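Subject: Structure handover

Hello,

Here is the structure you asked about. My notes follow below it.

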Amino acid sequence: MKRYCYSLVILLIIYSSNLFAQQHMQAEILGNTESVNKQGNVLIIKTKEAEARVWVYSPSVIRVSISKEHSADSSFAVVQEPSGDLQYKETSDSITITTSALKLVISKSPLRFNFYTPDGKVLSEDDPRFGTNWQATRVVNYRKLYKDERFIGLGEKTGNLDRRGSAYVNWNTDAPNHGPTTDPLYETFPFFVGMHNGLTYGLFFDNTHKSYFDFGASTDEQMSWFGADGGDMNYYFFGAQSVAQIIEDYTWLTGHMEMPPIWSLGYQQCRWSYMSANEVLDIATHLRKDKIPADVVYCDIDYMDHYKIFTWNKTTFPDPKGMIDKLKAMDFHLVTIVDPGIKVEPGYKQFDEGVAKNYFATYPDGEKYIGSVWPGRCHFPNFTDDAVRKWWGASFTALTEPGVEGFWNDMNEPAVWNQSMPWMVKFGKYYMPEIRNVYGMQMARATFEGTKKILGNKRPFVLTRAAYSGTQRYSAVWTGDNSAYDAHMLLGQRMVNSLGITGMSLVGVDIGGFSGNPTPELMVRWNSLGVYTPMFRNHAAHDTKYREPWQWGNANEDIIRKDIEQRYKLLPYIYSSFYQSHQTGLPISRTLAINYTQDTMVYTENFQNQFLFGDNILVAPVESTKLTENVYLPQGEWYRLSSDEKFEGGKAVNVPAPLTDLPVFVKAGAIIPMQNLVQSTNEKGDGILKINVWNGSEASSFVYYEDDGSSYDYHDGTYYKRVISFDPVKKEIVLGTIEGSYASKYTKVELVLHGFDRKTSIVKVNGKSSDLTFTNANKVVTVMY
Ligand code: MIG
């Protein structure tokens, strides 16, 4: 009897501990190394829990992927292959991989990954206790957090430039009425740059599941961590010692943007919605009549027949081609919206074809998923499938045949009413939670690849709301449904700057704020900031007042016009900046943290919204309620663009900031090519390229770039490129040798000199001074080269 009791107790103990194990997830920590093997270009390290793989992609980019079960290796983001070059040294307790730019020291037991500069300075290390860690399918990497460490990046996120002390979630979400702290939003860019001890590094967590980043927000500053609900601990570590070079490496890895059609860099007029062809034409006519330079008008969802994608409303848009022909005659380009949801309606072409070919998302038993959006009950194309992408892409003939050249991809998080698509919905082989964060990117890809094919040698313009790392290869992005108040304008600017860190150069916000009605002051101010935003689009929600430039009274319209004129004058500079981005991945709007990484002032709340627009222009966003502003000018000398007033940098200055004059500065030595005023990018202009040079004490140069603005011929050398340089010691400006076979549309060069003293600094151009004639003390000469 006694014995029986004992065994019962033991049985109970075993039973209850099993119960315990069933009810509570175990945290599994990556343990001790059991084997190390090199297979071709990959180093494979096994522990009891998992397998780690390490590849060298370039001297400054090393990839680590840790998994319990590595599946087929594929990525939506990455376009590069690992290099064959992987050398390592192994001792009894560590493995070391050293390249010219990075040193990875892998401690074997327990298995931890620690990154250093080649000479051994710490860049970033695993938390020694926890490193990589699982709780069921959730995978997390805990990292050491250094006292002075800052973080920037993650793309479209609210909050501060410096993300230290904050945490974020990536889960693409339709977020109307989002506020200054809302998270997550529409896009996922799991890439950040860390900085401490005067050093920099980058980390890209290429995992499409819902993911999490905590930069010491809720860990009592003991550690930072990132992880995901599923998938592998798969990351790329960047070791370059400048933020700019890290961005170049990240965009090398995930791809560069193509040159955008130049018309997409002009002023864009949008609204939800211009309700008829007549209204669209009225808007375009009014812009021309009022001499507001512009290139683009939009059709939002109401151009369609019952919101059916790839259709036109026969009553309100009876003759799309006729309308677009008229727009073209006025030098306008039309962009139309497309949503992913395909209306469930037998007889509707896209519905019938998609059903017949099984192109839509399903439940696991094959029943098609239905979610409601604008058209009512809808199916959702599986854009992860190549055949579906081709089918979607080919459908655009309904829009391209009448002449549409821009394709706005909305609602592709994907959004459904009430925002709760079930987790078991399948897109081909993927369940929704795994694919959600790349759905929008794959829709943009389908749109870009399809329209590019249809348009032949013409560049399509694609704009998407949802995105994932690598989207720059296909599309521009905007920051979704912002709101008409000052804090949102500033927040939007930080997002534009942050998106630039993660490879998105062609970005914009809805000027004026999508939801709500801006005050006239806010509209004017926001428009002046739009001049210095890569994509410059005025857009508003359906329940707001009309907000075209003439809706604000004559005086305000005059200010708005003058600002938009400035945008058009700057286009040669802006277009050249896009070429730089196409070549290197550097953004157009650059947080000051890129060029002035070690200057703590740029991270302060007062100055964190400031940015460089291209290499040479510094912009300070200002609330519409302020008429002066404290602007932080980093080290060096600066000139105010509007007055040529000169400032010593390395300090904050208080400057006038009336609504007519946003604080915009140029660097001493800046070279900024401009042109005369035109009403659209299609207008030929006076043929004079105005090369503005601001005097400085250091040599400077600028790569001027031009092409036809619309075709892909630039891939074959049909462009016009020259380096323009200024040497203050020799007092010479050199217009370098012309590269490429394109004939510039400018036949004359006019030098506009700023800050030069007429007597002492006569400037030679390409060795000659005889052609120079000053028209006044500080300005101009005309030279022909
Ligand atoms: O449910 O197409 O963010 O720019 O105007 C709203 C109508 C759908 C959301 C987009 C917005 C667009 C609007 N769309």
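Let me start with a charged pair. Asp127 and Arg129 join their side chains in a salt bridge, with N to O at 3.9 Å. Asp127 is buried, as its relative accessible area is 4%. Please keep in mind that this is a predicted model.

**Salt bridges**

How many salt bridges does a search of the whole structure find? The count is 40. A second one pairs Arg465 with Glu413, where the closest N and O atoms are 2.9 Å apart. This pair links distant parts of the chain, 52 residues apart. Arg465 sits in the loop between β30 (461-464) and β31 (467-468). Glu413 sits in the loop between β27 and β28. Both partners are buried: Arg465 has a relative accessible area of 2%, and Glu413 has 0%.

The pair also belongs to a network of salt bridges. Its members are Asp174, Asp410, Glu413, Arg465 and Asp481.

Glu623 and Lys626 give another salt bridge, at 3.5 Å from N to O. Here the two residues are partly exposed. Glu623 has 22% relative accessibility, and Lys626 has 31%.

**A buried lysine with no salt bridge**

Lys343 is in strand β24 (residues 342-343). Lys343 is buried, yet it has no salt bridge. Which side chain of opposite charge is nearest to Lys343? It is Glu345, 4.4 Å away. A salt bridge needs the nitrogen and the carboxyl oxygen within 4 Å, so at 4.4 Å this pair does not count.

What does the Lys343 side chain reach instead? It reaches the backbone oxygen of Pro375, at 2.6 Å. Beyond its neighbours within four places in sequence, Lys343 is in contact with His306, Lys308, Tyr348, Phe351, Pro375, Arg377 and Cys378.

**The loop between β27 and β28**

This loop came up above with Glu413. Its flanking strands are β27 (406-409) and β28 (426-427). Two more features belong here.

One is a cis peptide bond, from Glu413 to Pro414, with omega near -5 degrees. Pro414 is in the same loop, between β27 and β28. Glu413 therefore takes part in the salt bridge with Arg465 and in this cis bond, and it is buried at 0%.

The other is Trp417, also in the loop between β27 and β28. Is Trp417 buried, partly exposed or exposed? At 39% relative accessibility, it counts as partly exposed. The side chain of Trp417 reaches the backbone oxygen of Val373 at 3.5 Å. Leaving out neighbours within four places in sequence, Trp417 is in contact with Ser372, Val373, Trp374 and Met411. Trp417 and Trp374 are 43 residues apart along the chain, but their C-alpha atoms are separated by 8.7 Å.

**Helices**

Start with helix α6 (residues 386-394). Its buried residues are Val388, Arg389, Trp391, Trp392 and Gly393. What covers them includes β23 (333-338), β24, α5 (349-356) and α8 (432-454). Strand β24 is the one that holds Lys343. At the start of α6, a side-chain oxygen of Asp385 comes to within 2.7 Å of the backbone nitrogen of Ala387.

Then there is a helix pair. Helix α10 (residues 520-530) packs against helix α11 (residues 554-569) at an angle of about 10 degrees, and their axes are 9 Å apart. The two helices are therefore roughly parallel to each other. On α10, the contact is made by Pro520, Val524, Asn527, Ser528 and Gly530. On α11, it is made by Asn556, Ile559, Ile560, Asp563, Ile564 and Arg567.

**Backbone points to check by eye**

Most residues other than glycine have a negative phi, and most peptide bonds are trans. These places depart from that.

- The peptide bond from Asp183 to Pro184 is cis, with omega near -5 degrees. Pro184 is in the loop between β14 (167-170) and β15 (187-188).
- Asn197 is not a glycine, yet its phi is positive, about 55 degrees. Asn197 is in the loop between β16 (191-196) and β17 (199-205).
- Asp644 is not a glycine either, and its phi is about 65 degrees. Asp644 is in the loop between β40 (637-640) and β41 (646-648). Asp644 counts as buried, at 16% relative accessibility.

Best wishes

Note on methods: Residues numbered from 1 in each chain as written. Predicted model: local features only at pLDDT ≥ 70, side-chain atom pairs only at ≥ 80, totals over all residues. Heavy atoms only, no water. Helix = DSSP H or I, 4+ residues; strand = E, 2+ residues; numbered from the N terminus. Buried < 20%, exposed > 50% of the residue type's maximum accessible area, 1.4 Å probe, protein only. Lys, Arg positive; Asp, Glu negative; His and termini not counted. Polar contact = N/O pair within 3.5 Å; in protein donor to acceptor, adjacent residues only side chain to side chain. Contact = heavy atoms within 4.5 Å. Axes fitted to C-alpha atoms, helices over the stretch in contact; angles between N-to-C directions. Parallel < 35°, antiparallel > 145°, perpendicular 65-115°, else oblique.
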